[in-house]
Amino acid sequence: MNSVDRAGPASAKNASGDALRVDGIAKRFGGLRVFDPISFELAEDEILGVIGPNGAGKTTLINVMCGMIEPSAGRVHLGQRNITGLPFHSVSQLGVVRSFQQTNTFSKVSVEENLFRAKRFCSKRSGPDLGLDDLLHDFELAGHLDEPSDKLPYGLQKMLGLIMVLATRPRFILMDEPAAGLERRERIRVDRFIEHARKVLRCGILIVEHDMDLVKRLCPTIVVLESGRLLAKGPPAEVLARPDVINAYLGDSAD
Amino acid sequence: METIVSTGVIGISIGAQYALISIGFTLIFGIMGVVNFAHGAFYIIGGYFAYTLTSLLGAPFIFAVVLATFLTALVGYFVEIIVVEKYVSDHMATMLLTLGVYQIMVTGATLAYGAEPVDFRFPISGALRWHGYFVPYSTLVVLVVCAVAIVSIYYLVFMTRYGIALRAMADDGAVARAQGIPAARMFPMAFAIATGLAGLTGAIVTPILVLEPQGGEAILGKAFIVVILGGLGSVTGATASAFIVGLIEAYSSVYLGGSKGALALFVLVVLILLVRPQGLIGSSARKA
Amino acid sequence: MVSDRRRDFKLDLWGIVLLVPLLISPFVTKDVLISSLTYQISIGVAATMGIYVMLRMGLLSFSVPSFMTIGGYAAAISATAGWTDIFFLTAISFVAPALVAAPLGAIVLRLKGIYFIFITFIFNEILQILLFETPDLTGGANGIPGVPPATLFGHELAAQPQLVAVTAALAIVAALITFVVTHRFRAEFTSIEENETLAESLGVALWKYRTIGFIASAGVSGLAGFALVNMLSTAHPSLFASWSVNSYIAYAFVGGRGTLLGVAVGSALLIAVTNYFSAFANLSAGLFGVLLIVVMMLAPSGIVGSFVKLADYIRSRSVTRSAPSIKEKQNEFG
C-alpha cells in the first residue's frame, strides 16, 4: 500500500485555496541562533515531512508556526492572513493545531472527558461527523473511555492526543514526532490517523519525524533542516540520497 | 537640600532592611520553588527572641541579636524539614502550608507575649545632627548591620561552593542532582539561612518601630512588591529593587505625607507591570 | 479527587441545598446562638465562594477581602444616601467590584499565577489605605455607622430574623451565581487548572476565562461584603482586614476545594468550631493554621473530597470482588 501515491499533487489547493506559508522566519534566543530565514509552504490536503538531526530546530519551527513563540524575523501566513504574533489559542482557533512529542492529555480525567473538551473548545467550526468513533475503535481506545488518561499505555495516550487534535476540526495539523515512543507495530496507526484526517477534513499535514520509514511511506515531499538551515526539499527518495543530507546525519542514528 | 539627603539615608536604610527580607524570600523561591507565606512571622519572632533575651534575660543587645538570628534560623530549619520538604516545587501547596505555619507562629507569639506591642527599645537613641542634616543613630546602625549581612549573603551565594551549588539547584534542579549535589540536605539549610535573615532584620528593626504579633503582615506585602519589581528568584534584582522601594517610601512619606507613599508605590508597580511584565530587572517574560 | 463532571454537578447541587436551612432557620427559631451561627456561616459561605471560583482554575486569590470592601462600601454608601431597595443593593454590591475586577484582571491575569497572587495580596493593603485617605466618601477610620437596613418593596427588613434571612439569601445568591459560572465554564476552568498548554493548543483563550472567573469572584465577594455590612449595619475598615482571607481559604480547603458542597461543609464546620471554642477566639487563627497543614499533608481533597475518594475506593473494591476477572474466565475455558 503506497500512501505516497494517495497524497496527491504537492501544491494542490482545494476550493478555499488557503495554504499555510512560512516566509523567511528565523528564531534566535539571545545569542543562540536556532534557525535562519526559512520559507516553505504547506497546502491544504498536502503532507510535508520535516526531518533533520537533533537540535536542528524542528520543534522550535512548530512552536513558531503554531504561535507558541514569536519568530525573531519573518512571517507566518494562513492564506492571505498574516498570523505571525497571534496568541497560541487564536492560531488554534483559526485551524492550525499542533500535536505534542510527549504524551499530552488531561491526565487525571477520563478519555471520554478529554474528547468532550477537545470537541467543545474549537466548536466554532461545525461540519459533518468526524468519524472519531472509528479511530477510537481502531486504536483500541474504545474500551477505555472511562479510564483516566494517565493510566493508559504510552502509545494509547499519544493516539488519544492525535484524536483530540482531530476533534478540533483543524485545517492544518502540525505533528511533532508522532511516532516517538510508539512501538514499531503501533506506528502504522499514525498512517491510519493521517489517512482518516485527510479523508474527512482534507487537512494539510506537517510531520516532524525521525522515523525514516514513516517519512518515506507518507510524505511525497520532505524538507531537511540542519543546523538551522533548510538544506534540501523534494521527494524523499531523491533528498535522502543526497550526499550533503547523508553527511548531516552521520553519527545520528535515524531510527 | 539637607532633608533630601537625610531622607535619602533613611531610604537606603529601609531599603537595606527590605533587601535582607526579600533576598531570603526570593532565595527560597528560586532554589526550592517555595512561596514562604510565613516569612513575616520569622521577622517578628526574630524580634521576640531578641526582646526575650534583652528585656527578660538581661543579655546585651548585640549578643541578643546574633542569638535571635540563629534561633530563628533553627525554627526555619525545623519548619522546612517537618512541613515544607515534601512539597518543594509545588507552589500552591507550599503557599497554603506556610500560610498555616504563619498563623500558628503568630498565634503562638500572641499567646506568649500578648496581642499588644511590647516594650522593646533600641539601645542607642538620639540622632546625628549636623548643619540641618538629621539621621537617627538607630537608622545608621541598621544600615550598617544590614549592609554587612547583604555582603555576607552575596559572598555566600556567589563565592562559596555551597552558594554555587544553591544557584545550580535554582537554575536546573535535575541537572544539579545528577551532578551529585545533595538537594535534600541543602534545602533545610537554605531555608534556615533565608528565615535567619528575616529574623535578623526583625531583631534590629522592631525595637525601632514596633514589636507586635501583627507586625509580620506588612512585611510580606513589602517582600512581594520588591520581588515583583526585581524578578522573582533573582537575588540581585531583589537587592536593587529593595533599595528603590525603600527610597520611594522614605521620600513619599516625607514629601507626600501619610500613607500616600504606599499608594504611590502600588500605582508605580502596576504601571511598571503594564509596561514591563518581567519587572524592572527580571528577564523571563511572564506570559499568562 | 478525580474530576468527574456528572458527579461534581450533583455534589454542587447538594452544596446549594445545604444552604437552604440557613434561609429557613431565622423563621423557625429565635435562639440567639443559632441566629449568630446562621449569619456567620452565610457570610463565610458567600466570601468563600469568591475563593472557590478562582480555585477552579488553580489560582489562589487573596482579593476576596478587597472586593468585599468595595461591595460592602458601595452598599453602605447607597443605603445611607437613601437607595435601600434590596434588589438595587444586591446589584450594586455585585457590579461595583466586578467593574474594578475587569481592568485589574486585564493587567494582573496576564502574569504568572504567582504574581497574580502577590498583587491580589497587596491590593487589599492599598484598599485599606484608600479607605483611610478618603474620609468624605468612606468615613475614613470611623467607617460608616448606622447603615439603614435593606428594604423589600418599601418594607424595612430591620428585625433580627429579617436581617439574618437577607444574609442567608445573599449567600444562596452567591452560591447560585458561582454554580452557574463554574458549570457553564467547567471544561475551560478545569483544563486551565490541569494543563494550560494543552488547553491553549485546543483553542482555549486562557486570559478570557481567567477574567470571567475573576469578575465572578469579585462579584460574589461583593455580595459577601454587602451581607456583612447589612447584618452589622456598619461599614468599617476592620471588617475587611487582610487576614480574614485566611479563614475563607481554610473553609475552602478543609471542606474540600473541588465542590460547592466542600465550601458549605468547610464554612459550617469551622465556624461552628470557632463558636464552640469562643473562649479561645484568639486561638482560632492558630487552629485554622493547624487544620490547613493537616489537611494539605494528609487529606488534600478536604473532607468532602476524602469522602468521595473513599466511596470510589469502596465501589471499586466491591466491583473487583464480584465480577470475575478476565484471567478467571480464561482459566475456565482453558
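Start in chain A of this predicted model. Select Ser227(A): in the hairpin of β9(A) and β10(A), this residue takes a positive phi near 50 degrees. Two residues lie between the strands of that hairpin.

Next, show both arms. Strand β10 covers residues 229-234 of chain A, and its pairing with β9(A) is antiparallel, over five bridges. For one rung, pick Ile222(A); its bridge partner in β10(A) is Gly234(A).

Now select β9(A) alone, residues 221-226. Is this strand enclosed or open? Five of its six residues are buried, so the rest of the structure largely encloses β9(A).

Add strand β3, residues 47-51 of chain A. Here the pairing with β9(A) runs parallel, over four bridges. Leu48(A) marks a rung: its bridge partner in β9(A) is Thr221(A).

Zoom out to the whole of chain A. Colour by secondary structure to find 10 helices and 10 strands. Buried residues account for 45% of its 255 residues. Of the contacts between residues at least 6 apart in sequence, 73% join residues at least 24 apart.

Move to chain B. It holds 11 helices and two strands. Follow the chain along its sequence and the order reads α-α-α-α-β-β-α-α-α-α-α-α-α. The radius of gyration of chain B is 19 Å, close to the 19 Å that the globule rule gives for 288 residues, so chain B is as compact as a globular protein of that length. Its C-alpha trace spans about 60 × 50 × 35 Å along the principal axes.

Last, colour chain B by burial: 50% of its 288 residues are buried. Among its contacts between residues at least 6 apart in sequence, 75% join residues at least 24 apart.

How values were computed. Residues are numbered from 1 along each chain as its sequence is written. Chains are lettered from A and ligands numbered from 1 in the order in which they are written. This is a predicted model: local features need pLDDT of at least 70, side-chain atom pairs count only at pLDDT 80 or more; totals for chains, interfaces and linings use all residues. The radius of gyration is taken over C-alpha atoms; the globule rule is 2.2 Å times the number of residues to the power 0.38. A residue is buried if 20 or more other C-beta atoms lie within 10 Å of its own, exposed if 12 or fewer, and partly exposed in between; C-beta atoms are placed from the backbone. Two residues are in contact if their C-beta atoms, placed from the backbone, lie within 7 Å. Two strands pair if DSSP finds at least two bridges between them.
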